[in-house]
Amino acid sequence: MASGPRRPVRSARSLAMLRAREVAITWMLRICAFSAIAGLLLIIVFVFREALPVLLDPETQKEAGLRHFFATTMWQPVGDVPKYGLAPLFLGTLKVVISAMAFAVPIGVGAAVFSSEFSPPRLRELLKPAIEVLAGIPSVVLGFFALIVMASWVQAATGATSRLNALNAGAALALGVLPTIFTVSEDALRAVPRSFREASLALGASPWQTAWHVTLPAAGAGVAAGVLLGLARAVGETMIVLMASGNAAMISGSLFDSVRTFSASIAAELAEVVFGSPHYSTLFFLGALLFLVTFVINVGAGLFVERLRRRLSGA
Amino acid sequence: MKRILPFVMSLALAVSLGASAARAGRGITIKGSDTMVIMVQRWAEAYMGSHPGAIVQVTGGGSGTGIAALINGTTDICMASRPMKEDEKRKLRDRYQTMGVETSVAKDGLSVYVREQNPVKELSIPQLRDIYTGSVRNWKQVGGSDAPITLYGRENSSGTYVYFKDNVLLGKDYAASCQTLPGTAAVVNAVAKDPNGIGYGGAAYARGVREVAVRKDAKAPAIAPSPESVKDGSYPITRYLFLYTRVRPAGDVKKFVDWVLSPEGQALTTKVGYFPVR
């Protein structure tokens with residue numbers, strides 16, 4: 001039985017201590033994992049609980065109930081007759097998100113296609129880190145840049161009367177959203193097996209035809225996931241729009257007018273409200289709304305990633 | 001590394017606990033109006049200089065923020081550029097069985113800014129009301145060039161916003177197109193960059209813009225905001241700046257408030273652009 005090196009003999013007590021240490025460490029790691037989940041649950045419970053008076057409390061509903069949100073087109077919650085119309089905020093969020101995605105999706109997906117299909121390796125090594133640096137820029141810095149520099153460019157290029165408008169906020173937001181779309185799309189495109197491209201080229205297709213008709217559709221679910229993640233970020237982004245959009249709660253179709261988004265309203269107004277007032281509950285209602293929207297978008301993105309993985313590994 | 005880490009962590013914990021224990025119970029916190037924050041910070045610095053050992057912490061955020069903090073119990077003193085509203089007083093009474101104690105500590109004029117090149121030099125209060133509620137949209141309707149008026153204002157957490165709404169707009173709503181900016185300095189900056197802009201804010205902040213002379217109505221003389229016109233009340237848009245406490249000031253808080261109302265403290269108001277109340 002004694003064929004290997006002799007192991008040191010441990011007493012029964014030191015063995016028990018070793019086991020106890022293992023159990024303790026495993027429990028500490030378990031607590032770390034669960035506190036992350038607990039934190040998330042606490043946030044959800046708190047936000048929804050503070051938003052409930054809008055739906056359930058008759059006292060709050062006299063001033064800020066669901067019908068007030070749709071009955072008026074003015075958002076002036078501070079005053080003798082408070083007005084809680086959500087339409088200008090909804091329209092503002094829509095304008096900013098649409099203009100941001102209109103910039104970010106073509107540029108992001110285009111850059112991803114270039115990086116994975118056409119670019120020489122050395123250029124790719126420059127492009128990917130550069131876009132990752134863009135991802136690392138804090139959103140308050142992007143907002144400040146948009147407020148001071150970009151707004152003047154946009155005004156000079158378009159002749160708009162307002163320096164701070166939906167287009168300015170959308171362009172700045174696109175800068176913030178671009179890295180997400182680029183990174184996820186590029187990873188999806190690189191995950192497409194080489195055999196797809198080789199088969200297409202062997203059949204006589206040009207590199208662009210291959211990229212557009214074979215590789216991009218194959219990675220389609222991944223690119224869609226990237227776009228959805230970018231969309232979730234665009235909807236929830238606060239600091240950039242707070243600084244770059246002018247924050248005027250107006251209803252207009254023009255991209256050159258100032259807009260006010262849900263997230264900027266919460267950020268600007270939550271500091272003022274007294275606990276428990278209808279204004280307070282309304283702002284939490286907006287927060288709950290934003291949470292639901294981004295949650296749905298993120299779940300959708302997750303489903304798309306699953307589909308991509310199944311398709312690429314199966315085929 | 002394995003041996004040192006637990007020691008370093010317990011040391012950090014001990015230091016932070018000790019620091020917070022030392023801080024608690026000796027400092028005064030003041031929160032509220034961005035209009036008053038610079039002046040109150042100067043007061044705090046001068047007070048701490050002449051009273052070694054005293055700690056005064058000053059934060060801005062808007063009059064509404066400060067009053068909310070007073071009601072929530074997270075500050076000792078609140079600085080406000082507008083009087084407390086009825087429902088704020090009611091909330092304070094529900095929570096602390098007190099109506100709050102108001103102390104006027106300075107006087108301020110609310111200026112209306114336009115860019116220096118703007119030909120309009122005088123406006124009446126009814127005209128300001130029409131401009132800010134959106135009934136008048138073009139500068140030529142008030143004597144300027146033919147250009148649309150761009151409105152700049154403050155966020156609704158600001159006491160300046162509420163004061164302007166109550167006293168100049170007489171309770172009417174601001175026009176939906178009014179862009180909201182986070183502080184008077186931001187308003188001045190925006191108006192300085194925009195040839196068609198108009199903005200309002202505390203008289204202390206005007207740099208690079210012109211302050212418009214205001215007349216009470218179409219027949220009254222137009223008065224420009226200046227130390228004399230604000231002090232004697234001839235400038236039509238003047239207001240008091242307040243410090244609110246939950247109960248009559250006592251202890252450290254009383255010492256600070258008394259110092260603020262002393263000749264030494266009141267002299268500092270003019271250095272920041274406001275006016276003494278005594």
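## A tour that starts at Gln97(B)

Gln97(B) counts as exposed, because it has just 9 C-beta neighbours inside 10 Å and the cut-off for exposed is 12 or fewer. Keep in mind as you click around that this is a predicted model.

**Stop 1: two odd loops in chain B.** Stay on Gln97(B) and look to either side: you're in the loop between helix H4 (86–96) and strand E4 (101–115) of chain B. What is its phi? Gln97(B) has a positive phi of about 55 degrees, though it isn't a glycine. Most residues other than glycine have a negative phi.

Now select Leu170(B), another non-glycine with a positive phi, this time about 50 degrees. You'll find Leu170(B) in the loop between helix H6 (159–167) and strand E7 (179–181) of chain B. Is Leu170(B) buried or exposed? Leu170(B) has 12 C-beta neighbours inside 10 Å, so it counts as exposed.

**Stop 2: colour chain B by pLDDT.** Chain B has a mean pLDDT of 85, and 92% of its residues reach 70 or more. Which element of chain B has the lowest mean pLDDT? That's helix H1 (residues 4–23) of chain B, at 63, while helix H5 (residues 125–133) of chain B has the highest, at 94. Where pLDDT is low, don't read the predicted coordinates in detail. For the complex, the predictor gives an ipTM of 0.72 and a pTM of 0.79.

**Stop 3: the long run of H1 in chain A.** Select residues 12–51 of chain A: this is helix H1, with 40 residues. From first C-alpha to last, H1(A) reaches 58 Å, close to the 58 Å expected at 1.5 Å a residue. How many of its 40 residues are buried? The count is one, so H1(A) is hardly covered.

Residues 12–51 are also domain 1 in the domain assignment of chain A, and domain 2 takes 66–314. Taken over C-alpha atoms, the centres of these two domains of chain A are 35 Å apart. Where they touch, four residues of domain 1 of chain A are in contact with six of domain 2 of chain A. The domain 1 side has three nonpolar, no polar and one charged residues.

**Stop 4: into the core.** The largest nonpolar core has 154 residues. Select Ala146(A), Ala169(A), Ala172(A), Leu173(A), Leu228(A) and Ala244(A), which touch the most other members. Helix H8 (residues 166–191) of chain A gives the most to this core, with 15 residues.

Finish by centring on Leu228(A). Leaving aside its neighbours within four places in sequence, Leu228(A) is in contact with Ile297(A), Gly300(A), Ala301(A) and Phe304(A).

How values were computed
Residues are numbered from 1 along each chain as its sequence is written. Chains are lettered from A and ligands numbered from 1 in the order in which they are written. This is a predicted model: local features need pLDDT of at least 70, side-chain atom pairs count only at pLDDT 80 or more; totals for chains, interfaces and linings use all residues. Helices (H or I, at least four residues) and strands (E, at least two) are DSSP runs, numbered from the N terminus. The expected span of a helix is 1.5 Å times one less than its number of residues. A residue is buried if 20 or more other C-beta atoms lie within 10 Å of its own, exposed if 12 or fewer, and partly exposed in between; C-beta atoms are placed from the backbone. A nonpolar core is a set of buried Ala, Val, Leu, Ile, Met, Phe, Trp, Tyr and Cys residues joined through C-beta atoms within 7 Å. Two residues are in contact if their C-beta atoms, placed from the backbone, lie within 7 Å. pLDDT is the predictor's confidence in each residue, from 0 to 100. Domain bounds come from an automatic or database domain assignment. Ala, Val, Leu, Ile, Met, Phe, Trp, Tyr, Cys and Pro count as nonpolar, Asp, Glu, Lys and Arg as charged, and the others, Gly among them, as polar.
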